[in-house]
Amino acid sequence: MNKVIGRYLNWGLSVLVGIGIFLFWYVAYPHALSYQEQYQLFLWTWDYFVERVSLPGGFVDWLGEFIVQFYYIEWLGTLLLALLFVALQRLTLRLLTHGNNPHVLFRTQGTVPMCLSLVPVALVLWLMGDINVLLSLPVAIVLALALACLRLSKRLSWVDFIILPIAYWLIGPVVWLYVIIRVIQLGWEHLWTAGWLVAVQLMVYAWLLPQWPLQQAMTGLNYYRIPLHYPQWSGYDKDMYELIRLDYLVRNERWDEIVKRAGKYQVKAPFWSNCVNLALSQKRLLADRMFDFYQSGADALIMPRTRDLTSMLPSAEAFWRLGMVNSAQRYMFDTQESILNGRKSGRCTKRIAECMIVNGHYQTAAKQLDLLKKSLFYRFWAKEAEAMMKDEATINAHPIYGKLRQLRYKDNFLYNYDEIDKMFGLLFMNNQENKMALDYFMAQMLLKGNLQGFQQYMGAVQQYGGYRQMPLGYQDVMHCIQMQGKVPGSPYAKYVQQMAERRAER
Amino acid sequence: MKVVGYWLLAIGCWLLASCTSVPEHPTKVDRLPEIYPDYIGVTIPADIAPLNFNFADEMIDGMDVVIKGSKGGTLHAQGDYADFDIDDWHQLTEQNQGGELKVTVCVKKDGRWTQYQDFSIFVSSESLDDWGLTYRRIKPGYEVGGDIGIYQRDIHTFDEYAILTETVVPGRCFNCHTANRTNPNRITLQMRGEGGGTLIQKDGRQKWIETKTDITKAAGSYSYWHPQGDYVAMAVNSVHQSFFTGTGQRIEVYHKFSDVEVLDTRSNELILSPLLFTDDLEIFPAFSADGRYIYYSSSKSCRVPAEYEKVKCSLCRIAFDAEKGAFGETVDTLLNGPATDQSYVLARPSYDGRWLMYCVSSRGNFPVSQNDADLWLMDLKTGESRELKEVNSPQSESYHNWSENSRWFVFASKREDGMYTKLYLASIDEQGRVSKPFLLPQRHPRQYYLEMMDAYNCPDFTRIKVELDAHEAYRQVFDNKREGVRIKN
């Protein structure tokens, strides 16, 4: 009877782990999954597989990317991730209780080993809070544990001479976990495997990795997104994950949610301002409510070029919707090239292809589409886009691409970030239907403190803005101008004061 | 047992025959086949890698290609695309050196064979003795280099090898790898960013130096070796980019300042001349074949980026005395940019001293970013120049370099799509006649070039395979120990 209860308890715990992990990602952190998915582009080709497995640890890298591609469909990706964690828990429990030698820790599957089996789950979950930890690391841990679960008796310990090089090649240096477990299982005389693994790693480094540093050959080429850096035990930093969430909401055009969240919690960063302002503009609330929220300064609408894989994304999304197609392409291209492990981004590649289509650069667009066609979740779109490229009229009639062709600049001149307000103004002059450009133009002048320019173009707002009455935000600014900033409770006056304080601090 | 063997052989032959469908009664059409890459009428060196090609129309059932040499020999390929055996190809091209190959293309579509007009591939009598090409592969992006790598390619096969890639020096941008007249016993390259520096590798020994000084303001780049192998001419400059709003040219590359200097690699001394350290922008130096001159480009200083259209480079020359390690006293202007409203950049003298190849564009000093950049050729005997219409296209041609025997040159062109530069090779004879260029062969050309997301730049020939210890480069870059330089008095 106790055995039966124990077995139910045993499996019940695993089911609970699965449900818990599923809810953790699906309910609390779906944006974290979207973040991981957007920095890779898994291709269903033999070449892609060979490219991955031609490096030590490449197989888990491939497996990790294989799972991550399913994050595109949140419930499916989360389910696979939950199963991975269940595997981690089950294997840990098995190693704690089913050892094939006297060194096994527990003879029965009681409460203690079951609780202990949750420790790796918790640790890996915490580790994955570091956004640069790739799924290849948990996958490698699971495979190393699975390998350790193979019932090899002490008599067959020599098999490790063959297993270790293969295992190192497939799962990378996490195979050390296997070595440690085997030493625990089989005793100190099995320590020779540690020496053998070091030798294997050094030989691989010397002969097969001419373009990789020793440090990475020893610690892993593909567990962490930033080369020569290692996972931080930082957990789930609230502000960072809030920014990731906003980017996720921008990606999915969930503007109302962004505005709602912005009212509850703010992160004092240009990235946050970019996302919130973009959402406000899409709801045509920028003129009314912009200064109700934190504004980082002149970079609150569009960030200057920044060499990292995240900062420019909301700006790129704003450029795209404004009709600044070249700038959207540039920011997406540079974002993609800032992925330090050299991976492509499905999200960026798709947007780059769209920009090229709008600009009529069909040959280069075809290259991007060819790539996307080899993926699972971008394939359908890529095929549609490819078909569309054969007919100029279809593109012109497309609700987004056709519109952007009307909105983009007609004159050719050099982009200038320092004069981004003028660029918005020119964009509006180019097509006076471009109300987002008008809103951004006015907003940028306010962010820069160019009140003279703001007043000068108020007429344009009245004529072309499509507002039934002057937006509340603009009313506030005009009031501030009249009262020379002395307007208690004025959001714009507060912003101007904050900017002055920041300048004074510098 | 013997009987079983015969049976197996017979079955094998039958299976083989059933897989090969010889074009029967093809419909002959009076037009050339549309193939990718366009190898129709190109001139190639003997024992280059096979010129595999695809039919332009992807929706075919298969193709059958027969090549007959004017001096004998045939070659046959059948399949989705023309894929030739390397050894057979080499045998045929060597047998037909100085002759031509007649190519018959039959294409099967919708169950019917069509035979196109034959075309010729000319096999030059001039050999191309270099082992291969070196080049940098970089994403054709904007301000982030991404996954950069310097590679070398055996031009007799399809094999490519990494020389130095981003993986071994992550986060670093490196460029301007230069060998001495195709000889990699002298290599220099510049690495930018944190821990940047200039690599000088002589006879396999790496030396990383910091060429920036208070006077020269920046590290040396755009390098060129003196034929003697001890001096390196460099430009010191500050390179920037701006971006267009239109749908044509994407990027304008410009320099805020630029000067030319020579580094004596024996003593780490920088040799400067007041004629090359002016308010003007001196850029892209190259030693003449005999090492007695340095060719370079010079433009008036403009307020860039606002005045980007005013950047017009003249092509100049200044004497250099390798014995004394000193510049001459005067500058000769060979081609006057402002006077002709053109920009002359990237002079590359042939190693036999006969020709000077350079880029001409309407403006600027970075031709790869200029859509209208074309290659021109100056006869150094007569001083006459002409446009190389045989190789130019409406898109940018640039980054040209000579083979060791100066009978071949390689260049980068954006002719296919205006964005991804690819490498082309062409021959030049004693009279300066230039052949139609051919795209660097690949085993499966359409798939390769479609999937290739990198642009090629800085190509050069290399007479032997380059040996560079990337592990050692990593150690030296991350040790961050740099030999300094001093200004020669």
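Biologist: How far apart are the centres of domain 1 and domain 2 of chain A?
Modeller: This is a predicted model. Chain A is divided into domain 1, residues 2-219, and domain 2, residues 238-404. Taken over C-alpha atoms, the distance between the two centres is 35 Å.

Biologist: How many residues of domain 2 of chain A are in contact with domain 1 of chain A?
Modeller: Contact here means C-beta atoms within 7 Å. Domain 1 of chain A gives 14 residues to this contact. On the side of domain 2 of chain A, the number is 18.

Biologist: Which element gives the largest share of the side of domain 1 of chain A that touches domain 2 of chain A?
Modeller: Sort the residues on that side by class to begin with. Eight are nonpolar, six are polar and none is charged. Four residues, the largest share, come from one element, residues 30-37 of chain A: helix 2.

Biologist: Which residues touch the most other members of the largest nonpolar core?
Modeller: That core holds 133 residues. At least three of them come from each of domain 1 and domain 2 of chain A. In soluble globular proteins, nonpolar side chains tend to be buried together. The members with the most contacts in this core are A:Ala140, A:Ala144, A:Ile171 and A:Val175.

Biologist: Which residues does A:Ala144 contact, leaving aside its neighbours within four places in sequence?
Modeller: A:Ala144 is one of the core members that touch the most others. Set aside the neighbours within four places in sequence, and the contacts of A:Ala144 are A:Ile171, A:Val174, A:Val175, A:Leu177 and A:Tyr178.

Biologist: How many strands are there in chain A?
Modeller: Chain A has 506 residues, and 46% of them count as buried. Its C-alpha trace spans about 90 × 55 × 45 Å along the principal axes. There are 29 helices in chain A. The number of strands is zero.

Biologist: How many strands does chain B have?
Modeller: Chain B has 489 residues, and 48% of them are buried. Its C-alpha trace spans about 85 × 55 × 45 Å along the principal axes. Chain B has five helices. Its strands number 34.

Biologist: What is the radius of gyration of chain B?
Modeller: Begin with the globule rule, which gives 23 Å for 489 residues. The value for chain B is close to that, so chain B is as compact as a globular protein of that length. The radius of gyration is 25 Å.

Biologist: Which strands stand at the edges of the open sheet of five strands in chain B?
Modeller: The order in this sheet is 17-18-19-20-34, with mixed pairing. An edge strand has a single partner strand, so one side of it is left without a neighbour in the sheet. In chain B the edges are strand 17 and strand 34.

Biologist: How many residues of strand 17 of chain B are buried?
Modeller: Strand 17 of chain B pairs with strand 18 of chain B in the antiparallel sense over four bridges. The two strands form a hairpin with five residues between them. Strand 17 is mostly covered, and of its six residues the buried ones number six.

Biologist: Which residue in strand 19 of chain B stands opposite B:Val236?
Modeller: B:Val236 lies in strand 18 of chain B, where it is also the bridge partner of B:Gly220. Strand 18 and strand 19 of chain B run antiparallel, joined by twelve bridges. In strand 19, the residue opposite B:Val236 is B:Asp259.

Biologist: Which residue in the turn between strand 5 and strand 6 of chain B has a positive phi?
Modeller: These strands pair in the antiparallel sense over six bridges. One of the pairs puts B:Val66 with B:His76 of strand 6. The strands form a hairpin with four residues between them. In the turn, the residue with a phi of about 110° is B:Gly72.

Biologist: Which element gives the largest share of the side of chain B that touches chain A?
Modeller: The contact takes 33 residues from chain B and 27 residues from chain A. Strand 12, strand 18, helix 4 and helix 5 of chain B each give two or more residues to the chain B side. By class, that side has 13 nonpolar, eleven polar and nine charged residues. The largest share is three residues, and the element that gives them is helix 5 of chain B.

Key: Residues are numbered from 1 along each chain as its sequence is written. Chains are lettered from A and ligands numbered from 1 in the order in which they are written. This is a predicted model: local features need pLDDT of at least 70, side-chain atom pairs count only at pLDDT 80 or more; totals for chains, interfaces and linings use all residues. Two residues are in contact if their C-beta atoms, placed from the backbone, lie within 7 Å. Ala, Val, Leu, Ile, Met, Phe, Trp, Tyr, Cys and Pro count as nonpolar, Asp, Glu, Lys and Arg as charged, and the others, Gly among them, as polar. A nonpolar core is a set of buried Ala, Val, Leu, Ile, Met, Phe, Trp, Tyr and Cys residues joined through C-beta atoms within 7 Å. A residue is buried if 20 or more other C-beta atoms lie within 10 Å of its own, exposed if 12 or fewer, and partly exposed in between; C-beta atoms are placed from the backbone. Domain bounds come from an automatic or database domain assignment. Two strands pair if DSSP finds at least two bridges between them. The radius of gyration is taken over C-alpha atoms; the globule rule is 2.2 Å times the number of residues to the power 0.38.
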